[in-house]
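User: Hi! Could you walk me through this model, one question at a time?

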Amino acid sequence: MTISVGSELPEVTLFRATSDGPEAVNSKEFFAGRKVVLFAVPGAFTPTCSAKHLPGFVAKSDEIKAKGVDEIACLASNDAFVLQAWADAEKANDVTMLSDGDLAFVDATGLGLDLTGRGLGKRANRFAMIVEDGKVTDIAVEEPGAFEVSSAEAVLKKL
């Protein structure tokens, strides 16, 4: 079953890159007591993700945060080091990169995407959600291959 508006996020371990190596991030602690826009991409350095999805949130980060958002986070099934390299390449300093390399989050929320037949394996589906104190207040999940409802512009309209 896919997570929906009103659902509590699952407690899983995600990772982010630090100078000391990957740092475990408890999802319950990360989302507790604040408003977070979380968007997910199938993969770092992939065409739509690099040309549109992440750059849109980088460009609109000030507008999004002006709407009361405490943090913008990008989730992908790549490892934390790849996500940090992608953030550096895209100058995504205002976006927290969260690795779900074990697919713990996407499996627990039903937001996975199986691209095995296309050589990409199992990944996060493209989505965006607004989370307040660990509870989903809005979610938009893309159809495979689409990029419409999870863009920074679409999220801004919902804030």
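**Packing and the cavity**

Analyst: Happy to. Leaving aside residues up to four places away in sequence, His 53 touches Phe 39, Ala 40, Val 41, Thr 48, Arg 126, Phe 127, Phe 147, Ser 150 and Ser 151. Please keep in mind that this is a predicted model.

User: Is His 53 buried or exposed, and what is its relative accessible area?

Analyst: His 53 sits in helix 2, which covers residues 47–59. Buried means under 20% relative accessible area. His 53 is therefore buried, and its relative accessible area is 0%.

User: Thanks! Which element gives the largest share of the lining of the largest cavity?

Analyst: The structure holds 1 cavity of 30 Å³ or more, with about 30 Å³ of space in the largest cavity. Strand 8 (127–132), strand 9 (135–141) and helix 6 (152–158) are the elements that give two or more residues to its lining. The largest share is 3 residues, and it comes from strand 8.

User: How do the residues of that lining divide into nonpolar, polar and charged?

Analyst: The largest cavity is lined by Ala 128, Met 129, Ile 130, Asp 138, Ala 140, Val 149, Val 155 and Lys 158. Asp and Lys count as charged, while Ala, Met, Ile and Val count as nonpolar. The lining therefore divides into 6 nonpolar, no polar and 2 charged.

User: Where does Leu 103 lie, and is it buried or exposed?

Analyst: Leu 103 has a positive phi of about 60 degrees, although it is not a glycine. Leu 103 lies in the loop between strand 5 (96–99) and helix 5 (104–109). With a relative accessible area of 12%, Leu 103 counts as buried.

User: And what is the relative accessibility of Asp 133?

Analyst: Asp 133 is another residue other than glycine with a positive phi, near 50 degrees. Asp 133 is placed in the loop between strand 8 and strand 9. Asp 133 counts as partly exposed, with a relative accessibility of 49%.

User: Stepping back to the whole chain, what is its radius of gyration?

Analyst: The secondary structure of the protein chain comes to 6 helices and 9 strands, and its C-alpha trace spans about 40 × 35 × 30 Å along the principal axes. For 159 residues, a compact globule would have a radius of gyration near 15 Å. The protein chain agrees with that, at 14 Å.

User: Last one: what share of the exposed area do carbon and sulfur atoms supply?

Analyst: Of the 159 residues of the protein chain, 47% count as buried. The chain exposes about 7500 Å². Carbon and sulfur atoms supply 48% of that area.

Key: Residues are numbered from 1 along each chain as its sequence is written. This is a predicted model: local features need pLDDT of at least 70, side-chain atom pairs count only at pLDDT 80 or more; totals for chains, interfaces and linings use all residues. Side-chain values use heavy atoms; hydrogens and water are left out. On a 1 Å grid over the protein atoms alone, a cavity is a set of points where a 1.4 Å probe fits but cannot get out, and a pocket is an open set with protein on both sides within 12 Å along at least five of seven lines; lining residues have an atom within 4 Å of a point. Grid points are joined across faces, edges and corners, and a volume is the space filled by probe spheres set on the points. Helices (H or I, at least four residues) and strands (E, at least two) are DSSP runs, numbered from the N terminus. The radius of gyration is taken over C-alpha atoms; the globule rule is 2.2 Å times the number of residues to the power 0.38. Buried means under 20% relative accessible area, exposed over 50%, partly exposed in between (1.4 Å probe, protein chains only). Accessible areas come from the Shrake-Rupley method with a 1.4 Å probe; for residues, only the protein chains shown count as cover. Contact means heavy atoms within 4.5 Å.
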